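Trainee: Please take one part of this model and look at it closely. Then show how that part connects with the rest of the chain.

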Amino acid sequence: MSSDIAKTPRRKPQQQRGEQRVASMLDAAAAEFAQAGFDAATMTAIAERSGSSIGALYQYFPNKLALARALREQYGEEMAQRWSGLIADAAQLSVTSLVDRVFDLMIGFFEERPAYFTLLNATLGYQRNADSRQRLRAQFGAALREKRPQMGEDEALRTANVALQIVKGLNPLYAQATAAERRELVAEFKLALVAYLKTRLHK
């Protein structure tokens, strides 16, 4: 089977009812992936959760890989929107407040989207759009330059890249940790990011 088949839904919803049906299917898939795991999840179970027939599910998604990729795309867009709101406020925040909000954003997303880690660890052959990733880094770099105007564009972009990699580094550790360990991990990552940004912004 061509890998292209799994990249997008088979059928594009043209009306609000169709869009709502697809949203319901994606919500059901997220719940099933979070509970059963990606490998054990089945299209039949997802159809039952969504209140759709298996035939209706297949009209929009040829397999669970297509569902998983659609969810990853959705999560990427949601995360980008949250980051954009934070970056818009970054110049007015202290470094400590900025870092607190960065990790609050991440933790809030993890809690609202329990399937996120399941999909992050699954082999989906999915990569977010490179332009989208670069746009986020450029926005963050611009916010850093507002905080330290003498910082050059290349330095700001490099700093933004490193800062975002520090944030991403939390993901695999957080996914495997207990609730108590997660609080400690977040505190450690906050310390690391605050120290890094203060060094770069106050030199």
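## A charge over a ring, and its surroundings

Mentor: In this predicted model, Lys64 sits over the face of Phe38, 4.9 Å from the centre of the ring. Phe38 itself is buried, because its relative accessibility is 12% and the limit for buried is under 20%. The ring of Phe38 also has an aromatic partner, Phe33: the two centres are 5.4 Å apart and the planes meet at 50°, so the pair counts as tilted. Stacked would require planes under 30 degrees apart and edge-to-face over 60, so 50° falls in the remaining class. Phe33 has 0% relative accessibility and is therefore buried too. The search of the whole structure gives ten aromatic pairs.

What lies on the chain around this site? Phe33 belongs to the buried set of helix 1, together with Gly18, Val22, Met25, Leu26, Ala28, Ala29, Ala30 and Glu32. Helix 1 covers residues 16-36, and its 21 residues reach 30 Å from first C-alpha to last, close to the 30 Å expected at 1.5 Å a residue. An α-helix has 3.6 residues a turn, so residues three or four places apart point the same way. Within the buried set, Gly18 and Val22 are one such pair, as are Val22 and Met25. Directly after helix 1 comes Gly37, with a positive phi near 90°.

The loop from helix 1 to helix 2 contains Thr42. Thr42 is partly exposed, because its relative accessible area is 37%. Lys64 appears again here: its C-alpha is 7.1 Å from that of Thr42, although the two residues are 22 apart along the chain. The lysine over the ring of Phe38 therefore has its C-alpha 7.1 Å from a residue of this loop.

Helix 2 (43-50) is one of the elements against which the buried residues of helix 1 pack; the others are helix 3 (54-60), helix 4 (64-89) and helix 6 (115-121). On the side of helix 2, the buried residues are Met43, Ala45, Ile46, Ala47 and Ser50. Their cover includes helix 1, helix 3 and helix 4. Helix 2, like helix 1, is followed by a glycine with positive phi: Gly51, at about 75°.

Helix 4 leads further into the fold. Glu78 is one of its residues, and it counts as buried because its relative accessibility is 16%. Leaving out residues up to four places away in sequence, Glu78 touches Phe109 and Arg113. Phe109 is in turn part of a cluster linked by ring pairs, whose other members are Tyr75, Phe110, Tyr116, Phe117 and Tyr174.

Another connection runs through Leu136, in helix 7 (residues 130-147). Leu136 has a relative accessible area of 12% and is therefore buried. Beyond its neighbours within four places in sequence, Leu136 contacts Trp83, Ile87 and Leu164. Its C-alpha lies 7.7 Å from that of Trp83, with their positions 53 residues apart along the chain.

Both Leu164 and Tyr174 are on the list of buried residues of helix 8, which also includes Glu155, Ala156, Thr159, Ala160, Ala163, Val167, Leu170 and Asn171. Helix 8 has 24 residues and reaches 37 Å from end to end in C-alpha terms, close to the 34 Å expected at 1.5 Å a residue. Among the elements covering its buried residues are helix 4, helix 5 (95-112), helix 6, helix 7 and helix 9. Helix 8 (residues 153-176) and helix 9 (residues 179-201) have axes 10 Å apart at an angle of about 170°. That makes the two roughly antiparallel. On the helix 8 side the contact includes Glu155, Arg158, Val162, Ile166, Leu173 and Tyr174, and on the helix 9 side it includes Arg182, Leu185, Phe189, Tyr196 and Arg200.

As for the chain as a whole, it has nine helices and zero strands. Of its 203 residues, 44% are buried. Among contacts between residues at least 6 apart in sequence, 68% join residues at least 24 apart. The contact of Leu136 with Trp83 spans 53 residues and falls in that group.

Key
Residues numbered from 1 in each chain as written. Predicted model: local features only at pLDDT ≥ 70, side-chain atom pairs only at ≥ 80, totals over all residues. Heavy atoms only, no water. Phe/Tyr/Trp six-rings, centres within 6.5 Å; stacked < 30°, edge-to-face > 60°. Buried < 20%, exposed > 50% of the residue type's maximum accessible area, 1.4 Å probe, protein only. Lys NZ or Arg CZ within 6 Å of the ring centre and 35° of its normal. Helix = DSSP H or I, 4+ residues; strand = E, 2+ residues; numbered from the N terminus. Contact = heavy atoms within 4.5 Å. Expected span 1.5 Å × (residues − 1). Axes fitted to C-alpha atoms, helices over the stretch in contact; angles between N-to-C directions. Parallel < 35°, antiparallel > 145°, perpendicular 65-115°, else oblique.
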